[in-house]
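Subject: A structure for you to look at

Hi,

Here is the structure I promised to pass on. Have a look at it first, then read my notes underneath.

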Amino acid sequence: MEFRNDCDVYRDRSVRASWKVPAFCCNDWGALKLLEICSAFGFERPFDLVYGAPHCSWSGGRPSAVRSPLDGGLIDAYFSAYAQFGVRCALTFSKLAVDEKDYDNEYNNMLLDYVEKYDGQVILFDDGLARYIKRSRPRIAIVASLNKAMCNLQDSRESESDYYRDLFRLYDEVVVRSEYVLRDGWLDDLRDRRDSVEIIVNQFCVPDCKHAFSHISELEEWSHRGCCGEGRPCYHLETASCIESRLSENLFISNRRISELCSAGFTHMKIAGRNS
(Lines give C-alpha, C1' and ligand atoms only; values in the text may rest on other atoms or scores of the structure.)
Protein backbone atom coordinates (compact mmCIF):
# COMPACT_ATOMS: atom_id res chain seq x y z
CA MET A 1 0.00 0.00 0.00
CA GLU A 2 1.36 3.43 -0.91
CA PHE A 3 0.95 6.40 1.42
CA ARG A 4 1.49 10.10 1.01
CA ASN A 5 4.58 11.03 3.01
CA ASP A 6 4.00 14.77 3.38
CA CYS A 7 1.69 14.61 6.40
CA ASP A 8 2.90 15.73 9.81
CA VAL A 9 1.68 16.81 13.23
CA TYR A 10 0.57 20.29 14.19
CA ARG A 11 3.24 22.91 14.79
CA ASP A 12 3.25 26.69 14.92
CA ARG A 13 3.66 28.60 11.66
CA SER A 14 6.05 31.50 11.18
CA VAL A 15 3.32 33.34 9.23
CA ARG A 16 -0.20 33.38 10.63
CA ALA A 17 -2.99 31.80 8.56
CA SER A 18 -6.49 33.27 8.47
CA TRP A 19 -8.96 30.41 8.92
CA LYS A 20 -12.56 30.15 7.69
CA VAL A 21 -14.51 27.31 9.32
CA PRO A 22 -17.94 25.68 8.70
CA ALA A 23 -19.88 26.85 11.74
CA PHE A 24 -22.51 29.50 10.92
CA CYS A 25 -26.00 28.04 11.43
CA CYS A 26 -24.61 24.52 11.77
CA ASN A 27 -21.85 24.19 14.40
CA ASP A 28 -22.32 27.43 16.30
CA TRP A 29 -22.27 26.09 19.85
CA GLY A 30 -18.91 24.37 19.41
CA ALA A 31 -17.37 27.31 17.53
CA LEU A 32 -18.52 29.90 20.05
CA LYS A 33 -17.48 27.77 23.01
CA LEU A 34 -13.99 27.40 21.51
CA LEU A 35 -13.77 31.16 21.02
CA GLU A 36 -14.91 31.71 24.60
CA ILE A 37 -12.31 29.29 26.01
CA CYS A 38 -9.49 30.79 23.95
CA SER A 39 -10.48 34.28 25.04
CA ALA A 40 -10.68 33.27 28.70
CA PHE A 41 -7.18 31.76 28.66
CA GLY A 42 -5.64 34.51 26.56
CA PHE A 43 -5.02 32.29 23.54
CA GLU A 44 -4.92 33.64 20.01
CA ARG A 45 -8.25 33.57 18.14
CA PRO A 46 -8.36 30.15 16.40
CA PHE A 47 -10.28 31.33 13.32
CA ASP A 48 -11.35 34.59 11.72
CA LEU A 49 -14.47 33.75 9.72
CA VAL A 50 -17.33 31.27 9.97
CA TYR A 51 -19.43 30.27 6.97
CA GLY A 52 -22.81 28.69 6.31
CA ALA A 53 -26.37 30.05 6.12
CA PRO A 54 -29.95 29.36 7.09
CA HIS A 55 -31.92 27.75 4.26
CA CYS A 56 -33.23 30.21 1.69
CA SER A 57 -34.03 30.33 -2.02
CA TRP A 58 -30.38 31.18 -2.81
CA SER A 59 -29.06 28.11 -0.97
CA GLY A 60 -26.84 25.65 -2.80
CA GLY A 61 -24.37 22.87 -2.09
CA ARG A 62 -24.89 20.96 1.14
CA PRO A 63 -28.34 21.42 2.73
CA SER A 64 -28.53 24.04 5.46
CA ALA A 65 -28.93 22.73 9.00
CA VAL A 66 -31.30 25.62 9.87
CA ARG A 67 -34.31 24.98 7.65
CA SER A 68 -36.88 27.44 9.03
CA PRO A 69 -36.71 31.20 8.37
CA LEU A 70 -35.14 33.29 11.14
CA ASP A 71 -36.45 36.65 12.26
CA GLY A 72 -34.25 39.73 12.27
CA GLY A 73 -33.56 39.56 15.99
CA LEU A 74 -32.27 36.00 15.83
CA ILE A 75 -30.14 36.69 12.75
CA ASP A 76 -28.59 39.65 14.54
CA ALA A 77 -27.90 37.42 17.53
CA TYR A 78 -25.98 34.96 15.34
CA PHE A 79 -23.81 37.70 13.84
CA SER A 80 -23.23 39.58 17.09
CA ALA A 81 -22.27 36.39 18.97
CA TYR A 82 -19.29 36.00 16.64
CA ALA A 83 -18.59 39.73 16.35
CA GLN A 84 -17.85 39.98 20.09
CA PHE A 85 -14.79 37.80 19.41
CA GLY A 86 -13.79 39.69 16.27
CA VAL A 87 -15.02 36.90 13.96
CA ARG A 88 -16.91 37.72 10.76
CA CYS A 89 -19.55 35.65 8.99
CA ALA A 90 -19.68 34.52 5.36
CA LEU A 91 -23.10 33.43 4.11
CA THR A 92 -23.18 30.60 1.59
CA PHE A 93 -25.60 31.51 -1.22
CA SER A 94 -24.15 29.09 -3.77
CA LYS A 95 -27.23 28.06 -5.75
CA LEU A 96 -26.13 27.11 -9.27
CA ALA A 97 -28.64 29.34 -11.03
CA VAL A 98 -30.67 32.12 -9.40
CA ASP A 99 -33.67 33.52 -11.29
CA GLU A 100 -33.41 37.27 -11.69
CA LYS A 101 -36.97 37.55 -10.34
CA ASP A 102 -35.66 36.19 -7.03
CA TYR A 103 -33.05 38.92 -6.54
CA ASP A 104 -35.52 41.05 -4.56
CA ASN A 105 -36.58 38.20 -2.24
CA GLU A 106 -37.37 39.94 1.06
CA TYR A 107 -35.91 37.31 3.38
CA ASN A 108 -32.70 36.90 1.41
CA ASN A 109 -32.15 40.64 1.28
CA MET A 110 -32.73 40.88 5.03
CA LEU A 111 -29.89 38.38 5.42
CA LEU A 112 -27.75 40.63 3.22
CA ASP A 113 -28.60 43.57 5.48
CA TYR A 114 -26.90 41.81 8.39
CA VAL A 115 -23.96 40.67 6.27
CA GLU A 116 -23.41 44.32 5.41
CA LYS A 117 -23.98 45.52 8.99
CA TYR A 118 -21.34 43.14 10.35
CA ASP A 119 -18.82 43.50 7.51
CA GLY A 120 -19.34 39.94 6.31
CA GLN A 121 -18.99 38.06 3.04
CA VAL A 122 -21.18 36.08 0.67
CA ILE A 123 -20.04 32.92 -1.13
CA LEU A 124 -21.66 32.62 -4.56
CA PHE A 125 -21.83 30.53 -7.72
CA ASP A 126 -24.23 32.54 -9.86
CA ASP A 127 -22.59 35.52 -11.61
CA GLY A 128 -25.90 37.33 -12.01
CA LEU A 129 -26.49 37.26 -8.26
CA ALA A 130 -22.90 38.42 -7.73
CA ARG A 131 -23.50 41.43 -9.98
CA TYR A 132 -26.78 42.22 -8.18
CA ILE A 133 -25.11 42.19 -4.75
CA LYS A 134 -22.10 44.16 -5.97
CA ARG A 135 -24.44 46.78 -7.44
CA SER A 136 -26.87 47.00 -4.52
CA ARG A 137 -24.41 46.51 -1.63
CA PRO A 138 -20.88 47.31 -2.84
CA ARG A 139 -19.44 47.08 0.69
CA ILE A 140 -20.09 43.32 0.87
CA ALA A 141 -17.12 41.14 -0.11
CA ILE A 142 -18.08 38.55 -2.73
CA VAL A 143 -16.32 35.16 -2.82
CA ALA A 144 -16.43 32.77 -5.79
CA SER A 145 -17.42 29.35 -4.49
CA LEU A 146 -15.16 26.33 -5.03
CA ASN A 147 -18.11 24.82 -6.90
CA LYS A 148 -17.47 27.23 -9.78
CA ALA A 149 -14.00 25.84 -10.46
CA MET A 150 -15.09 22.25 -9.83
CA CYS A 151 -17.97 22.56 -12.29
CA ASN A 152 -15.84 24.30 -14.92
CA LEU A 153 -12.82 21.99 -15.12
CA GLN A 154 -9.97 23.36 -17.21
CA ASP A 155 -7.62 21.19 -19.26
CA SER A 156 -4.30 22.87 -18.52
CA ARG A 157 -2.38 25.03 -16.05
CA GLU A 158 -2.67 28.05 -18.34
CA SER A 159 -6.41 27.74 -18.88
CA GLU A 160 -7.12 27.23 -15.17
CA SER A 161 -4.96 30.21 -14.20
CA ASP A 162 -6.77 32.32 -16.82
CA TYR A 163 -10.12 31.09 -15.50
CA TYR A 164 -9.33 32.34 -11.99
CA ARG A 165 -8.05 35.67 -13.31
CA ASP A 166 -11.30 36.12 -15.17
CA LEU A 167 -13.26 35.46 -11.95
CA PHE A 168 -11.32 38.23 -10.20
CA ARG A 169 -12.98 40.70 -12.57
CA LEU A 170 -16.23 40.17 -10.64
CA TYR A 171 -15.30 38.49 -7.34
CA ASP A 172 -13.24 39.91 -4.47
CA GLU A 173 -11.91 36.48 -3.49
CA VAL A 174 -11.77 33.15 -5.30
CA VAL A 175 -11.65 29.63 -3.86
CA VAL A 176 -9.26 27.61 -6.03
CA ARG A 177 -9.28 23.87 -6.52
CA SER A 178 -7.05 21.86 -4.19
CA GLU A 179 -5.62 20.09 -7.24
CA TYR A 180 -4.37 23.46 -8.49
CA VAL A 181 -2.73 24.16 -5.12
CA LEU A 182 -1.05 20.75 -4.88
CA ARG A 183 0.46 20.80 -8.36
CA ASP A 184 3.98 22.18 -8.05
CA GLY A 185 4.32 25.75 -9.25
CA TRP A 186 0.77 26.29 -10.51
CA LEU A 187 -0.20 28.65 -7.68
CA ASP A 188 2.73 30.89 -8.64
CA ASP A 189 0.57 32.11 -11.53
CA LEU A 190 -1.65 33.87 -8.98
CA ARG A 191 1.08 35.21 -6.72
CA ASP A 192 0.04 38.80 -7.44
CA ARG A 193 -3.51 37.94 -6.22
CA ARG A 194 -2.38 35.92 -3.18
CA ASP A 195 -4.36 38.16 -0.80
CA SER A 196 -7.54 37.18 -2.66
CA VAL A 197 -6.98 33.42 -3.06
CA GLU A 198 -8.73 31.04 -0.66
CA ILE A 199 -7.49 27.46 -0.18
CA ILE A 200 -9.45 24.48 1.13
CA VAL A 201 -7.15 22.21 3.12
CA ASN A 202 -9.38 19.12 3.51
CA GLN A 203 -11.24 18.70 0.22
CA PHE A 204 -13.10 15.38 0.41
CA CYS A 205 -13.83 14.86 -3.29
CA VAL A 206 -11.67 12.57 -5.41
CA PRO A 207 -9.10 14.40 -7.56
CA ASP A 208 -10.39 15.97 -10.80
CA CYS A 209 -13.96 14.69 -10.33
CA LYS A 210 -15.90 14.89 -13.60
CA HIS A 211 -19.29 14.58 -11.89
CA ALA A 212 -19.19 17.68 -9.69
CA PHE A 213 -21.92 19.62 -11.50
CA SER A 214 -24.30 16.63 -11.59
CA HIS A 215 -23.73 15.80 -7.93
CA ILE A 216 -24.09 19.39 -6.74
CA SER A 217 -27.25 19.82 -8.86
CA GLU A 218 -28.85 16.73 -7.37
CA LEU A 219 -27.95 17.73 -3.82
CA GLU A 220 -29.37 21.19 -4.44
CA GLU A 221 -32.66 19.80 -5.78
CA TRP A 222 -32.86 17.40 -2.85
CA SER A 223 -32.34 20.25 -0.39
CA HIS A 224 -35.01 22.46 -1.96
CA ARG A 225 -37.44 19.51 -1.85
CA GLY A 226 -37.02 19.46 1.92
CA CYS A 227 -34.35 16.71 2.04
CA CYS A 228 -37.07 14.06 1.69
CA GLY A 229 -35.71 10.57 1.06
CA GLU A 230 -32.02 9.89 0.51
CA GLY A 231 -29.66 12.35 -1.12
CA ARG A 232 -27.46 11.43 -4.07
CA PRO A 233 -24.38 9.53 -2.81
CA CYS A 234 -20.90 10.21 -4.14
CA TYR A 235 -20.39 9.14 -7.76
CA HIS A 236 -17.04 7.68 -6.71
CA LEU A 237 -18.27 5.87 -3.60
CA GLU A 238 -16.24 2.73 -4.30
CA THR A 239 -13.03 4.75 -4.61
CA ALA A 240 -13.91 7.16 -1.80
CA SER A 241 -14.60 4.30 0.62
CA CYS A 242 -11.35 2.48 -0.19
CA ILE A 243 -8.76 3.26 2.49
CA GLU A 244 -5.83 2.52 0.19
CA SER A 245 -7.12 4.96 -2.45
CA ARG A 246 -7.90 7.67 0.08
CA LEU A 247 -4.46 7.47 1.68
CA SER A 248 -2.52 7.45 -1.58
CA GLU A 249 -4.67 9.79 -3.70
CA ASN A 250 -6.38 12.60 -1.83
CA LEU A 251 -6.64 16.37 -1.83
CA PHE A 252 -5.71 16.99 1.79
CA ILE A 253 -3.07 19.69 2.26
CA SER A 254 -0.50 18.89 4.92
CA ASN A 255 0.49 21.17 7.74
CA ARG A 256 3.93 21.54 6.19
CA ARG A 257 2.43 22.63 2.86
CA ILE A 258 0.11 25.07 4.67
CA SER A 259 3.16 26.63 6.35
CA GLU A 260 4.91 26.93 2.98
CA LEU A 261 1.83 28.56 1.43
CA CYS A 262 1.54 31.04 4.30
CA SER A 263 5.21 31.95 3.95
CA ALA A 264 4.55 32.62 0.26
CA GLY A 265 1.70 34.97 1.18
CA PHE A 266 -1.24 32.61 0.57
CA THR A 267 -2.75 32.86 4.07
CA HIS A 268 -6.50 32.46 3.49
CA MET A 269 -7.30 28.88 4.52
CA LYS A 270 -10.68 27.18 4.70
CA ILE A 271 -11.89 23.97 6.36
CA ALA A 272 -14.59 22.29 4.26
CA GLY A 273 -17.61 20.42 5.53
CA ARG A 274 -20.78 22.23 6.57
CA ASN A 275 -22.87 19.92 8.80
CA SER A 276 -19.93 17.53 9.21
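Below is what turned up, going from the whole protein down to single residues.

First, keep in mind that this is a predicted model. The protein has eleven helices and ten strands. Of its 276 residues, 51% are buried. The surface it exposes comes to about 13,500 Å², and carbon and sulfur atoms supply 50% of that. If you take the contacts between residues at least 6 apart in sequence, 76% of them join residues at least 24 apart.

Next, the inside. In soluble globular proteins, nonpolar side chains tend to be buried together. Here the largest nonpolar core has 63 residues, and Phe93 and Ile199 are the ones with the most contacts inside it. Helix H3 (residues 106–117) gives this core its largest share, five residues. Apart from that core lies another one of 17 residues, with Ile123, Cys209, Ala212 and Ile216 among them.

Phe93 is a good one to click on. Leaving out residues up to four places away in sequence, Phe93 touches a list of residues including Ala53, Trp58, Leu111, Leu112 and Leu129. Cys56 is also among the residues that Phe93 touches, and Cys56 counts as buried because its relative accessibility is 5%, under the 20% cut-off. Cys38 is buried too, at 9% relative accessibility. So how many disulfides does the structure hold? The number is zero. In case the word is new, a disulfide is a covalent bond between the sulfur atoms of two cysteines.

Now try Ser145. You'll find Ser145 in the loop between strand S5 (141–144) and helix H5 (146–151). Is Ser145 buried or exposed? With a relative accessible area of 7%, Ser145 is buried. Its side chain reaches the backbone nitrogen of Asn147 at 3.0 Å. Not counting residues up to four places away in sequence, Ser145 touches Ser94, Ile123, Leu124, Phe125 and Val175. Three of those names may ring a bell: Phe93 touches Ile123, Leu124 and Phe125 as well.

Then there are the rings. A search of the whole structure finds twelve aromatic pairs. One of them is Phe24 with Tyr78: the ring centres are 5.5 Å apart and the planes sit at 55 degrees, so this pair counts as tilted. Phe24 lies in strand S1 (residues 18–24) and Tyr78 in helix H2 (residues 72–83), so the pair ties together parts that are 54 residues apart in sequence. Phe24 is buried, at 2% relative accessibility. Phe24 and Tyr78 also belong to one aromatic cluster, together with Phe79, Tyr82, Tyr114 and Tyr118.

Last stop, Leu34, which lies in helix H1 (residues 28–40). Why does Leu34 count as partly exposed? Its relative accessibility is 38%, and partly exposed covers the range between the 20% and 50% cut-offs. Setting aside neighbours within four places in sequence, Leu34 is in contact with Pro46 and Phe47. Measure the C-alpha to C-alpha distance from Leu34 to Arg45 in your viewer, and you should get 9.1 Å for two residues that are eleven apart in sequence.

Cheers

Conventions. Residues are numbered from 1 along each chain as its sequence is written. This is a predicted model: local features need pLDDT of at least 70, side-chain atom pairs count only at pLDDT 80 or more; totals for chains, interfaces and linings use all residues. Side-chain values use heavy atoms; hydrogens and water are left out. Helices (H or I, at least four residues) and strands (E, at least two) are DSSP runs, numbered from the N terminus. Buried means under 20% relative accessible area, exposed over 50%, partly exposed in between (1.4 Å probe, protein chains only). Contact means heavy atoms within 4.5 Å. Accessible areas come from the Shrake-Rupley method with a 1.4 Å probe; for residues, only the protein chains shown count as cover. A disulfide is a pair of cysteine sulfur atoms within 2.5 Å. A nonpolar core is a set of buried Ala, Val, Leu, Ile, Met, Phe, Trp, Tyr and Cys residues joined through side-chain atoms within 4.5 Å. A polar contact is a pair of N or O atoms within 3.5 Å; within protein, one must be able to donate a hydrogen and the other to accept it, and residues adjacent in sequence count only if both atoms are side-chain atoms. Rings of Phe, Tyr and Trp (its six-membered ring) pair if their centres lie within 6.5 Å; planes under 30 degrees apart count as stacked, over 60 as edge-to-face and the rest as tilted.
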